[in-house]
Amino acid sequence: MSRATATSIRIHRHGAAEVLQAIEVGVGEPDAGEIRVRHTAIGLNYIDTYHRSGLYPTPLPSGLGMEAAGVVEAVGAGIDFLAVGDRIAYAGGPLGAYCQVRLLPAAKAVKLPADIGDDIAAALLLKGMTAWYLLHQTFAVKPGTTVLIHAAAGGVGSLLVPWARQLGARVIGTAGGPEKCRLAREYGCHEVIDYLNRDFVTEVRQRTDGAGVDVAYDSVGRDTFIGSLDCLRRRGLMVSFGNASGKPPAVEPGILAAKGSLYLTRPTLADYTATREELDTASGALFAAVRGDVLHADIRQRYPLRDVARAHTELAARMTCGTSLLIP
Ligand SMILES: NC(=O)c1ccc[n+]([C@@H]2O[C@H](COP(=O)([O-])OP(=O)(O)OC[C@H]3O[C@@H](n4cnc5c(N)ncnc54)[C@H](OP(=O)(O)O)[C@@H]3O)[C@@H](O)[C@H]2O)c1
């Protein structure tokens, strides 16, 4: 029986970053269908702040974190595709990636190819598979598509932008402030709007000769939701996939008619990677995009795991760009 103990971040109540507590926990042997994984890098995602604050309620007490890479230490019964020593990564529940060692359902694990490093996997798996399904499945972006991408200098934004461009889209991005706008241009935006200082709806309308964009990728939520609808062409698609500024308003179906017979979807990664086949397709497409130089893990922040409160504070205060890792 393993006697491994490991640092793990837990919350006992929902709230601001100070509810995050480091504790030592014992980690036992995996049950059937589980593996024990020693993390080498942990991905920081905006959704972690929703779980912490209670915007997305979780039973308490709870671990936190949905994405990490590491090495398999032990394999439970009934698993034939993983062995001790394999490098893996995962993106999705059950919560608890903010730790050094954990038990994980093997069904969530993706075996890492030799040319995909642990840091890259932990920085990209969740955000990159999200970018993949948003651009390929939620809407099939192709040459000639005009897209609007909010928070284009952020984690998901830094991947959506170059991938949309590689697919042949005209990419209009938004970002907060001149430095983030410069970065969004570096990621591949054809045009960037500083939405802290300009009205992005007016700008998008002007830049599309009044026509609007084919699809709006909106992860900002409350502050941009209605504006994003106003940026769409007739019968365009609104993809509301996040709430960085708070939950978007409730929507009367009639508003979609009034603004041009619009489509609205609110997708989540879990519904695009629910089966092994879907997970392998999404992760395989991501790894191919990394190999093909389409995407880069622009890791701009690295925090020791015990500094997770600072990481959450900086992410929520819009102080980060690109992707962020917690180092166990
Ligand atoms: N549905 C899905 O499948 C899925 C999967 C992954 C991520 N997401 C969502 O995608 C979004 C991005 O996630 P991420 O981890 O890559 O985070 P991120 O984009 O690195 O950080 C969030 C960014 O949102 C922008 N923002 C605008 N208003 C804000 C406000 N009031 N408070 C805080 N930030 C604000 C900021 O960029 P500026 O300063 O440039 O405005 C900030 O840097 C999140 O909403 C997340 O929930 C959804």
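Three strands make up an open sheet in the order S2-S1-S4, with antiparallel pairing. Its edge strands are S2 (21-26) and S4 (62-63), each of which pairs on one side only. The structure is a predicted model. Strand S1 (residues 5-11) meets S4 through two bridges, in the antiparallel sense. At this junction Ile 11 has Ser 62 of S4 as its bridge partner.

The loop between H1 and S4 holds Pro 61. A cis peptide bond links Leu 60 to Pro 61, with omega about -10 degrees. A cis peptide bond also joins Gly 93 and Pro 94, where omega is about 0 degrees. Pro 94 sits in the loop between strand S6 (87-91) and S7.

Strand S7 (residues 101-105) contains Pro 105. Pro 105 counts as partly exposed because it has 17 C-beta neighbours inside 10 Å. Beyond its neighbours within four places in sequence, Pro 105 is in contact with Gly 33 and Glu 34. Glu 73 is 32 residues from Pro 105 in sequence, and the two lie 13 Å apart in space, C-alpha to C-alpha.

Helix H1 spans residues 46-53. Its buried residues include Tyr 46, Asp 48 and Thr 49. His 51 and Arg 52 of H1 are buried as well. The cover over the buried residues of H1 includes S1 and H9. Gly 54 follows just after H1 and takes a positive phi of about 100 degrees.

The C-terminal strands come next. Strand S15 (residues 299-304) pairs with strand S16 (residues 323-327) in the parallel sense, over five bridges. Pro 304 stands opposite Ile 327 in S16. Between these strands the chain passes through H9, and this β-α-β crossover is right-handed. Arg 318 lies in the loop between H9 and S16. Its phi is near 65 degrees, a positive value in a residue other than glycine. Arg 318 is classed as partly exposed because 17 C-beta neighbours fall inside 10 Å.

The domain assignment divides the chain into domain 1 (5-125 + 274-327) and domain 2 (143-266). The C-alpha centres of domain 1 and domain 2 are 28 Å apart. Contacts between them involve eleven residues of domain 1 and 14 residues of domain 2. On the side of domain 1 that touches domain 2, seven residues are nonpolar, two are polar and two are charged.

Attention now turns to strand S9 and its partners. Strand S9 (residues 146-149) sends Thr 146 and Leu 148 one way, and Val 147 and Ile 149 the other way. All four of these residues are buried. In a regular strand, side chains alternate between the two faces of the sheet. S9 pairs in the parallel sense with strand S10 (residues 170-175) over four bridges. Gly 173 in S10 is the bridge partner of Ile 149. From S9 the chain reaches S10 by way of helix H3 (residues 157-166), in a right-handed β-α-β crossover. S9 also runs parallel to strand S12 (residues 213-218), joined by three bridges. Here Leu 148 stands opposite Ala 216 in S12.

The loop between S9 and H3 contains Ala 151. Phi of Ala 151 is near 50 degrees, a positive value in a residue other than glycine. Ala 151 is buried because 28 other C-beta atoms lie within 10 Å, and the cut-off for a buried residue is 20 or more.

The ligand is surrounded by 30 residues. Gly 154, Gly 155, Gly 176, Ser 219 and Gly 242 come nearest. By class, the shell around the ligand has 14 nonpolar, twelve polar and four charged residues. Domain 1 and domain 2 each contribute at least three residues to this shell. Helix H1 (46-53), helix H2 (118-138) and helix H9 (308-316) each supply at least two residues of the shell. H2 provides the largest share, three residues.

Technical notes. Residues are numbered from 1 along each chain as its sequence is written. This is a predicted model: local features need pLDDT of at least 70, side-chain atom pairs count only at pLDDT 80 or more; totals for chains, interfaces and linings use all residues. A residue is near a molecule or strand if its C-beta atom, placed from the backbone, lies within 6 Å of it. Ala, Val, Leu, Ile, Met, Phe, Trp, Tyr, Cys and Pro count as nonpolar, Asp, Glu, Lys and Arg as charged, and the others, Gly among them, as polar. Domain bounds come from an automatic or database domain assignment. Two strands pair if DSSP finds at least two bridges between them. A crossover is right-handed if, with the strands pointing away from the viewer, the path from the first strand over the helix to the second runs clockwise. Two residues are in contact if their C-beta atoms, placed from the backbone, lie within 7 Å. A residue is buried if 20 or more other C-beta atoms lie within 10 Å of its own, exposed if 12 or fewer, and partly exposed in between; C-beta atoms are placed from the backbone.
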